[in-house]
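Reader: I'm new to reading protein models. Could you walk me through one part of this structure up close?

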Amino acid sequence: MDGPILVIDRDGGLPIGVQLVDGLRRGILDGALRAGDRMPSTRGLASELGVSRSAVVGAYEQLAGEGYLEMRQGAPTRVADLARRDVAASVGMEVASGDRPQEGRPDTRRESTTAGRAARAVGERTVPRIDLLPGRPSTSRIDTRAWRSAWREAAARDIPSESPRRFGVPRLREEIADHLRMARGVACEADDIVVTAGTSEALSLSASALAVALGRPPVVAVEHPGYPSARRTLELHGARTVPVAVDADGIVVESLRRMPRPPDAVMVTPSHQYPLGGRLPVAIRLELLEWAREAGAIVLEDDYDSEYRHLGPPLPALASLDDAGRAVLVGSFSKVLTPWLRLGYVVLPDNPGLRAAYATMRADDRCPVPGVVQDAVANLLANGSVRRHIAGTRRDYAHRRRLVLDALDGLPGAPLSGLDGGLHAVVRLPGAAASAAVLGRLDDEGVAVAPLGDYSAVPGEEEPGIVIGYAGVADTQLVEGLGRIRAAILAVL
C-alpha cells in the first residue's frame, strides 16, 4: 500500500498500544491491508512511527491472537485470510478438538431443522456456523515451533519397556508442582501430584478413592447450578450427589451446615463458579475449609480457569489455605493449552488416609496418560512456553471480553454476568419461554450457545438464560455471533 500504514496521534489521549491495534485492525477490515500482505518488521514499523518496538510487538501479538495476523517463528508476519479462517472455524477446524463437546462441559448442540433432527437420529451432529459454546480455548497463539520441538524431544527419548508410573512421570509432576507454586501459590511438591487423563478422570479417580477410604459409596455435594458432566462422572463411579445452592459469590456454606447429615465431600469451582461466574471471597473460602474440618469432609476444588482473571487480583486456591488436609485441587491443561491433550492433575493434601486410597486405586490401574504426552508437556512447562502462552492468551481473552460487553451489556431484561474471569459469559432471560425463543432463533441462524438450564442440578429448577463461550473463535465470527445474539434477545424481549 502507498503511504503509512497508520498515523499515531500523540495528542489524542489514547495509549500508543491501543492506537496501534485499532489502526492496524481497521486497515485490515477496510482492505488497505489484504490477506497475505507482508507486515513490516516490528523494528521497522517502530522506527517509522517513532514508537517503542515493544509497543509494536504487543500490537502484533494481540492481532495474531484475534486472528488478524499470522505469526510464525522464523517467517515474516502476514495478514491473515479472514474469510478462510471463518470457514475453518465454522466447520470446527480452528480448535483441534473440532466439534466434540469439551471435557467437563455439557453437549448442548441442538438442531432446529428437520435435517438436523434426522442427523441426530443417526448419531451425527450438525456443525454450527458460529460455535459459541463454552469450554473452547483459542489455540491460535500456541507457539508451534516450541510445540513441535517439545514433541520431537519427547519422541527422541529412549523407549521404555514399562508403563508410566502410577502417579505419572516424575519430571512432569515436578514441573506441575513448580507451575502451581508460581502461578497459584500452592506449596506442593512432586510427590503431591497425581497425573490424570483430564478433569473427568481426576474426578472419577477421586470418587473411587473416596469410596476406598470410606468403605462405602461417598456422598458428594455439588453446586446448583453447576458442572453437569462432573455430576455424571461422580455418579458413574459410585458417588451419590446432592445439590447445594450458590449465590452471587459461589457456594453457600450455610446450606452445607443445614444438611441433616454432612456429605463426605463437596465439589466447588471457587475461582469462577461454573457457570454463573461467582468468585468466592477469602473469608468464605476459610469458612468452607472450617466446615470441612468440622464435618470430616473433603473439598474437591476444580481450579479450571483460574489463570484468566480480568477484574481484580487472583484469589488464593483453597489448597493454599488448607492446613487440615481437607482440600484436593483438581486442574488440567484443557483451558490453558488445548483439551486435545486430555491431561490433568490432582494435588493431594497432607492426609495419609486419602493418599493411601488414591495409591490403592492406581495400584493396578496405572496412569492412563501416555508417557510421550507427559514428556512433551513437561518440556513445554520447563522451557517457559506454557507461561508465555498464558500471558498472551490473557490479553486476547481480555479483548474478546470487551467485545462481549460492547455487544450485550445493558440489554433491558437480559443482565450480563460471569465476566470477571474465565472464557464464558452468562445472559439471564426473564423466563423459560423467552429463553426457548432466543435459543430457537439462534439455532435457525447457526449460532451455538448453551442453555443455562442445562446446568441445573435439580430437575424443575432450570434457570432461563444462555451461556456464551467467547475464547475459541476468530474475532470476526465472535462479533457476528454477538450481533445475532443481541438481535435475537431484542426481538424476543
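Author: Let's look at one residue, Thr-269, and its surroundings. This is a predicted model, so to speak of local features takes a pLDDT of at least 70, side-chain atom pairs count only at pLDDT 80 or more, and totals for chains, interfaces and linings use all residues. Residues are numbered from 1 along each chain as its sequence is written, and side-chain values use heavy atoms, with hydrogens and water left out.

So where does Thr-269 sit? You'll find Thr-269 in the loop between strand E7 (265-268) and helix H11 (282-295); helices (H or I, at least four residues) and strands (E, at least two) are DSSP runs, numbered from the N terminus. Is Thr-269 buried or exposed? Thr-269 counts as buried because its relative accessibility is 2%, and buried means under 20% relative accessible area, exposed over 50%, with partly exposed in between (1.4 Å probe, protein chains only).

Now for the company Thr-269 keeps. Skip the neighbours within four places in sequence, and Thr-269 is in contact (heavy atoms within 4.5 Å) with Glu-223, Tyr-274, Asp-302 and Tyr-304. With Glu-223, the link is a side chain to side chain polar contact at 2.8 Å. A polar contact is a pair of N or O atoms within 3.5 Å; within protein, one must be able to donate a hydrogen and the other to accept it, and residues adjacent in sequence count only if both atoms are side-chain atoms. As for Tyr-274, its backbone nitrogen is 2.9 Å from a polar atom of the Thr-269 side chain.
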